[in-house]
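Me: I would like to go through this model with you, one question at a time. Keep the replies brisk.

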Amino acid sequence: MEKKPDRIPLASMEELYVEGSPPTQAKLQDASAEKDTVNCPAYEMQRSSDDATLHLQSNTNFRPLPNKPPVHDRLNLVFLILMLHGVGTLMPWNMFITAKSYFIDYKLNVNDTDVSTEEYRSHFLSYLGVAAQVPNVICNALNIFVQFGGGTLTFRIIGSIIIEIIIFIVTVFLAMVDSSFWPGIFFYVTMASVVVINMANGIYQNSIYGLAAKLPMKYSMAIVLGANTSGTFTSLILILSIAASPNLRTAAIYYFITALFVLLACVDTYFALPLIRFYRYYDRLTQKAISENRANTGRPPYCKIFWKTWTQCFNVFFVFFVTLTVFPAIHADIQMVDKDFIIPEKYFTPVTCYLCFNFFAMMGSLVPNWIKWPGPRFLWIPVVLRILMIPYFMLCNYKPDKRQIPMLIDNDWAYFGMAVAFGFTSGYYSSLAMMYAPGCVETEHAPIAGMMAALFLVLGIVCGVNFTFFVSWLVETKLF
């Protein structure tokens with residue numbers, strides 16, 4: 001009986017041998033794209049035409065890849081797997097935010113003589129934000145310089161996901177028990193679990209961007225797309241919960257169990273990556289470049305990598321700084337002006353804020369798969385101009401009972417239209433910046449560049465969340 005060939009064959013030595021490959025003589029059709037390579041000397045202009053890749057390098061030591069890679073991402077399996085991991089990176093945060101009513105109105109809403117319980121309820125989201133983002137930033141930074149698990153991404157990714165799964169199991173258990181007699185202990189246990197889960201998530205998020213940096217540009221976009229898909233998914237859960245008005249405890253258990261299943265799927269699909277020929281091809285190219293580089297230089301040149309990628313790191317930081325300044329704190333406190341608006345008042349904030357932002361951010365992060373404009377050299381211009389959206393939302397019907405500055409934008413359609421543009425540009429420009437960053441360095445340094453961009457992503461989130469307090473103070477204070 002004739003033996004059937006392996007349906008997922010290993011890449012041949014000829015496919016992996018790139019040192020002797022002739023330099024690619026590529027002519028750009030777009031003159032502006034050629035100028036963009038000035039800021040990214042190792043920038044890889046990648047055009048998706050039957051997975052053909054054009055590599056432009058000003059570094060003579062860099063070995064360009066073959067003009068037409070011999071492997072393809074069949075059925076977009078690698079893209080979909082990384083998109084799932086993008087969902088997994090934001091799943092812990094999104095699920096705790098979605099279950100806000102469970103914590104505030106159910107677990108902490110007890111008849112307790114201790115005044116601290118009311119303090120926990122009043123500022124629960126503020127405590128949650130600090131407990132989540134500070135450990136996330138610290139572990140994002142440590143993951144770049146401290147080589148956990150001998151420097152392999154597998155140990156860091158799988159280990160982090162397993163820790164998150166354990167914490168979610170503990171959270172489900174806490175939802176099932178009666179904690180009405182010890183609300184203070186429940187609060188501190190919850191905050192401790194948030195700290196641990198975000199320490200693990202910081203390493204996981206940083207590492208998965210480093211893994212995607214080995215692949216063509218659009219695979220970094222897949223993670224951003226997955227993260228925004230996660231937000232859309234949880235927003236729909238929130239709206240359905242309002243419509244069905246389920247028991248808060250039962251709804252929270254469903255939220256956390258859903259997160260468990262997503263994280264388990266992330267573990268399974270991660271181990272499936274080495275079985276896919278497309279991933280093996282790029283992974284071996286990167287490993288070959290890393291081994292040759294370490295033989296000559298030892299540790300990665302972090303300063304050199306940052307110097308080449310700092311413009312894209314700034315773009316990533318500033319996109320998320322503006323986004324998190326407005327969303328969700330300012331965005332969620334903008335109230336309806338016209339009672340006859342097309343969206344009922346009960347659903348106004350869930351639709352115009354949570355669903356609108358997450359859905360259009362998801363759409364925006366999908367567009368760079370076909371359109372990449374502007375290039376890496378001029379991306380900073382629209383990114384910086386997005387800061388004008390902050391005063392725009394301040395002048396909408398934000399905190400009408402407390403504001404001391406005049407409301408100049410009193411049209412719900414004008415607010416809703418800007419909300420659409422806000423979400424779309426957040427997803428689009430963040431995807432472009434995350435895609436451009438690994439292309440600014442040599443192949444062996446691409447994973448480190450991806451991790452640096454991920455660190456600045458989280459730094460932008462933390463700074464934006466804290467800047468929201470200043471914006472709120474500015475609106476509520478009469479300066480003149």
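Me: How many of the 27 residues of α9 are buried?
Reply: This is a predicted model, in which local features need pLDDT of at least 70, side-chain atom pairs count only at pLDDT 80 or more, and totals for chains, interfaces and linings use all residues. Residues are numbered from 1 along each chain as its sequence is written, and side-chain values use heavy atoms, with hydrogens and water left out. Buried means under 20% relative accessible area, exposed over 50%, partly exposed in between (1.4 Å probe, protein chains only). By that rule α9 is mostly covered, and its buried residues number 20.

Me: How far apart are the end C-alpha atoms of helix α9?
Reply: Helices (H or I, at least four residues) and strands (E, at least two) are DSSP runs, numbered from the N terminus. The expected span is 1.5 Å times one less than the number of residues. Helix α9 covers residues 218-244, so its 27 residues should span 39 Å. The model agrees, with the ends separated by 38 Å.

Me: How many helices are in the chain?
Reply: The chain has zero strands. Of its 480 residues, 53% count as buried. The helix count is 18.

Me: Which helix gives the most to the largest nonpolar core?
Reply: A nonpolar core is a set of buried Ala, Val, Leu, Ile, Met, Phe, Trp, Tyr and Cys residues joined through side-chain atoms within 4.5 Å. The largest one holds 127 residues, and V78, L82, F168 and F256 touch the most other members. The top contributor to this core gives 14 residues and spans 446-476: helix α18.

Me: Which residues does F256 touch, not counting those up to four places away in sequence?
Reply: Contact means heavy atoms within 4.5 Å. F256 belongs to an aromatic cluster that also includes Y120, F124 and Y127. Its contacts are M95, A99, Y102, F103, F168, T171 and V172.

Me: Is K100 buried, exposed or partly exposed?
Reply: K100 sits in helix α4, residues 100-107. Its C-alpha atom is 9.0 Å from that of A252, 152 residues apart along the chain. The relative accessibility of K100 is 32%, so it counts as partly exposed.

Me: What kind of aromatic pair do Y270 and F271 form?
Reply: Rings of Phe, Tyr and Trp (its six-membered ring) pair if their centres lie within 6.5 Å; planes under 30 degrees apart count as stacked, over 60 as edge-to-face and the rest as tilted. The count by this rule is 41 aromatic pairs. For Y270 and F271, the centres are 6.0 Å apart and the planes meet at 75°, which is edge-to-face.

Me: Why is the pair of F357 and F422 tilted?
Reply: F357 lies in helix α14 (residues 345-366) and F422 in helix α17 (residues 412-439), 65 residues apart. F357 is buried at 6% relative accessibility, and F422 is buried at 0%. Their ring centres are 5.6 Å apart, and the pair is tilted because the planes are at 40°.

Me: Over which residues, starting at 1, does pLDDT stay under 50?
Reply: pLDDT is the predictor's confidence in each residue, from 0 to 100. The chain averages 81, and 82% of the residues score at least 70. Where pLDDT is low, the predicted coordinates should not be read in detail. That applies to the stretch under 50 with 55 contacts beyond four places in sequence, residues 1-39.
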